[in-house]
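Visitor: I'm new to this one. Could you walk me through how to read it?
Guide: Happy to. Let's take a look together.

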Amino acid sequence: MAGTRTRRGAGSEQSRTARAAALAEELHHECTLLLDLYRKKETFAEELTVGGESLVTVPPLSSQLSPNDMLWRLYSALQQCRNLLERAIGREEAVGNGGDRAQYENQKKTVRDRLGHLLASTRLLLEDGAGTAAFTPEPKNSEIDYPGNGSPFALKLWIYRIFNELEHWTLTASKTLKALHPDGATPKERRTRGRARGRRTRR
Amino acid sequence: MPSLFLGILLLGLRVTESQASGLAPPQQVRLDADTEAQKLLVTWEDGRASTFDVEILRTELMEIVFNETVVATEDQSTGKHQWNWTSPVPLECTSLSVKVRSRDGQDVSEWSSQQILPGLDLPDNTDSQMYPEGKTVPVGSNMTFCCIVKEGQQFGSLLYKDTLVKETMLSRRTYATTMTNQGPSNPSGTNVVCSDEKKMIITGAVVFVGYPPMPSDLVCETHDLISVDCQWSKGRETYLFGMARQTYYTLNGRNCSKARDSNMRCGLEQWDGNWTLVARNLLGEFRLTDAAELGHRVRPVAPVNLTTPEVYSWNASVGWLWKYNGYERLSLICQVQRTSHSNSSTQTYTGYGLNTVVLKDLQPDEKYNVKVRCGSQKNFWKWGEWSLPLSFQTKMDRPVAPDIWLWMDSDNLGRVLWKPLTKSESHGQISGYEVTLWSPEENSQQTLTLPQSMYSLPINVTDRWSKVTVTARNPAGVSLPANVVIPRHLPDAEDTTISKVTFNGSGFPLSWVAHANASCGYVVDWYNTSCTHDCNVEWTRVAADNTNTMVQSSNFFAGVRYTFSLYACSSESTVLLERWHGYMQELVPSRTVPRLSPNQEGSDVQLTWDQIPLEHQRGFILGYTVYLTNASHLTLLANITDPQLTNHTVKNLVLGSYKFTVKAYNAAGEDGGATVSISLDPYTYWLIMEILVALGTMTCLLIIITIACYRKRKWVKKAFYPDIPEPKLPGEWGITQGTLDVKPSPHSMVHIVEDSVWDSSKEALVTVPEEDEEGTGDEEADTDEPASLRYYNQVVEEGSSSRGRPHASDSSASSTGSMDSGHTDVTYTGIQTSACSLAPMAHFQPQPDASQCAGGGGYRPQMQSASCPEDPQTGPEEHLQPPVGSFGGYQPQCSWKQDSPEADGGGLDQACLGSPTSVTSSQFLLPYDTSEEGKEHQSSASTWFHNLLTGKP
């Protein structure tokens, strides 16, 4: 099936994959920025890491998987990320700590919007694209809901972990989509490989 | 055995002591913890004492936390004692062991059984935790945080915000830190993070540090005369945010849910008269109160639906509506603010239920914006809000009369000028101007219609017109006429005094003496002084009772000289009274002095230049400075403070090149400077003059000498050239041979070297007239000792002084030969020597010079020597041969060079002048024959002159 699909619309699929990879790369940059903003907002020392089990649970993305299966798993992980982000935004609004955090709030919205675009782009790449795929149900993760029992720090740590998951999975999406692209690089990256590499170095 | 015995003994003593005190230990000790407040309530029974010893330990490490004697009264209803203790450390951090004993003075009971308050660090509670979590405390609080690490996990560090803090171990899994004097938190609280040794976050807590609310300035008022609207200030920031920690307000017990952020207001439906505002957050509450009657707190709402029922040129009416009917009975005071394009003014109106006003003093054809606000006239409280603005435009009206002025460009030509009408004067768009020229004498007029863009009309004042009228026209009509009289006699500007006026920052202040004939006031006009054609003229009018004004204009520019003229205005004419010159700001001259030139006058240099043209002066020229320029260095030579003086002389300069710089200066400074160079020449003319004077003086002196000599020529001749007596020859001279006596110097020996050539044609001695002797320039005359020489005519007498020396007569011949020095060489030897030396000398001059016989004319006695024809040694042929290159006469005494070419007797530079001279005197030996007329004149003049130049007498 994959071979058939590739033969039917190889050009358009490559273009879609490239666009999704570019989108994932850009989203990863936005997620990194969001993580930095949150770290500064909460004065979390940069050397501190968050532990615990991953909030996003999907089977490992093994290289033995077919591209379609990899896309499926990636799509599932990104969908969980979106659910977690939506819940985090909702919890923060409920707490309503307010203050002058306009940049942080805008960045959250930016990440949310672009994550939606990436999900849509990734969905089009799936074997049964165009919305006809039968998606697997969302995994029931015990930590998907706010686990803190009203503890402000637990909520902060939970959000911090969500943003870390976002940063991780958007990076994974970027790499996976680039790997799925025949040239192994997005058009944008091919155009500005040197500059992009430099930007990553600065991070 | 001994130790066992000792132990038993001590135990027995203790039992005995307890039994002896009679105090029973507390029973049923119970611990109740308030973890939120970190309080521990200890209760026990059966304690008859009122004081107890309480000991609290951390169970795991057995560290005493508290050990004091406390007072605990018995609750009569329950019969229990209770005591509260506030722990500095959250009670969850670790287990605490508590025991109590009764005390009565020094008597104490046994300790109660130890009660343990279990902490959350027990093994069965494996999760990591931190306490206290989510607590809200005031700024400045001290707090202890404890971190319980997960079972089996290794503690790493504690961070307060992002600062590493020092921890204390409370139990195997619990570590604590104490923060003192905490500052305000950020909006999401202050984080305390506990991490393991791998820097991974184990757990954490958030503390919210802030202030209790403190609002102020509660004020309640009514807008609708029914309800109440209260406002207050938020006051100090609480630093507490979020739904749980923000400040909540209530007004008279009703929640003010809309009072957030900066909108601190709350309303009630009915006027209560007394209001209490309560502000509350987790740290406390604050109360504010206010009380007032309704009539004292009326603040009307903003009028709505503004309209302009009637609009005219100069006034208009404005109406509006009120939102509440209650205003109809309310005495209102309203402000109407109207704003035109440049002006804004506010007028106040009053009335019950006021809803219409008439705006007066409006400008025609003007667009206005109006807005209204009102207040209660009685017990005025505050102005209400401004209404929304309303715009309208007044109608047009005829324009005002233009301001006209007559400006004379020349004696006969002038311009009628009028100022453009401003917006407030035109009352509508000006469509044009009408200029009417009047001649009352001839009862005639001429009207010209000019477009709106023209503001002047040239006229000839010599025409019959005597008055000019100007009117402006717009769509609403024609303005009133403005008149100006054409003067019959022009004011004489030359006689008017001109003074300077200084700009004072805002204008030129002018003042003058009142003039009697200024019935319609004064006019001050001004223009650019350097302007010559079609100048921009401005003017202003001053009332008749004013004698000063401040001339202001937006057209004044720095560095431009303006001329201000004051005219007295009457219905008949205008009279020029006074004039001023002034600069708004003086600038340095924009150019250098023109036509700077140097002129050498001997050792002085005069510099001259012209004045800077007026338009370039840019200030009142105060003078000039003259510099000597050396490279880039200027040395001040003179400061000329008279601006009319345009020359300067630099004196006493030595020869060389100079550069001079002349700068004009005014109050703003000097110009760039004009430089001129000059190279001082040597004083050629002066030297020439000196030479000429010297030559003239010498010439005069020579003339005087010449005249003197001429007048005294006889004396001169006598003194310098005395007559030599003519030889007196007795008898016939032709055949008679006589002796010419010559008295030679006894001490001189003259050797006459005669040329051997003998002119056979001169066989006889030629008589030389006495006059010729005078003309012989080659001869010297010794007036002091007249010559006494004797010449022999060829035959020398024997026995004479030359006897024995056959050639001794040759000396005479030589003397004769000296008459023609071209034929005779004369060698003087042995001058001033004795005569005995003559013999050998004669040996060298044996030959008589026969050529001397054929020498030049004149007396040549030697030629007549007998030796010429009789000389046996020389034939006639030899005498006929003239000597080539030899001299006919003998050499003068001074010549010792026999063959010297300089021996030519004709040279004036030879002192002897070619004439034989006595060795003992300077007298010429052979004066010329005076009979030779041709030579007389020449010889006497030249001889005299030569004598004069050579200084010989």
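**Helices first, then a sheet**

Visitor: How many Å should helix α2 of chain A span?
Guide: Keep in mind that this is a predicted model. A helix rises 1.5 Å a residue, so the 29 residues of α2(A), 67-95, should span 42 Å. The C-alpha atoms at its ends are 42 Å apart, which agrees.

Visitor: What comes just after α2(A)?
Guide: That's Gly96(A), with a positive phi of about 60°.

Visitor: At what angle do α3(A) and α4(A) pack?
Guide: You compare the two helix axes. For α3(A) (residues 102-125) and α4(A) (residues 152-180), the angle is about 40° and the axes are 12 Å apart. Angles under 35 degrees would count as roughly parallel and 65 to 115 as roughly perpendicular, so α3(A) is oblique to α4(A). Their crossing is left-handed.

Visitor: Which residues meet there?
Guide: From α3(A) come Tyr104(A), Lys108(A), Val111(A), Leu115(A), Leu118(A) and Leu125(A). On the α4(A) side you'll find Ile159(A), Phe163(A), Leu166(A), Ala173(A) and Leu177(A). By type, that contact has ten nonpolar residues, one charged and no polar.

Visitor: And the sheet in chain B: what is its strand order?
Guide: Read across the strands, not along the sequence. This open sheet of four strands goes β22-β21-β24-β25, with antiparallel pairing. Its edge strands, β22 (254-255) and β25 (284-291), each pair on one side only.

Visitor: How many bridges join β24(B) to β25(B)?
Guide: Eight, linking β24(B) (residues 274-281) to β25(B) in an antiparallel run. In that pair, Asn281(B) stands opposite Gly284(B) of β25(B).

Key. Residues numbered from 1 in each chain as written. Chains lettered and ligands numbered in written order. Predicted model: local features only at pLDDT ≥ 70, side-chain atom pairs only at ≥ 80, totals over all residues. Heavy atoms only, no water. Axes fitted to C-alpha atoms, helices over the stretch in contact; angles between N-to-C directions. Parallel < 35°, antiparallel > 145°, perpendicular 65-115°, else oblique. Left-handed = near helix turned anticlockwise from the far one by under 90°. Contact = heavy atoms within 4.5 Å. Nonpolar A, V, L, I, M, F, W, Y, C, P; charged D, E, K, R; others polar. Expected span 1.5 Å × (residues − 1). Pairing = 2+ DSSP bridges.
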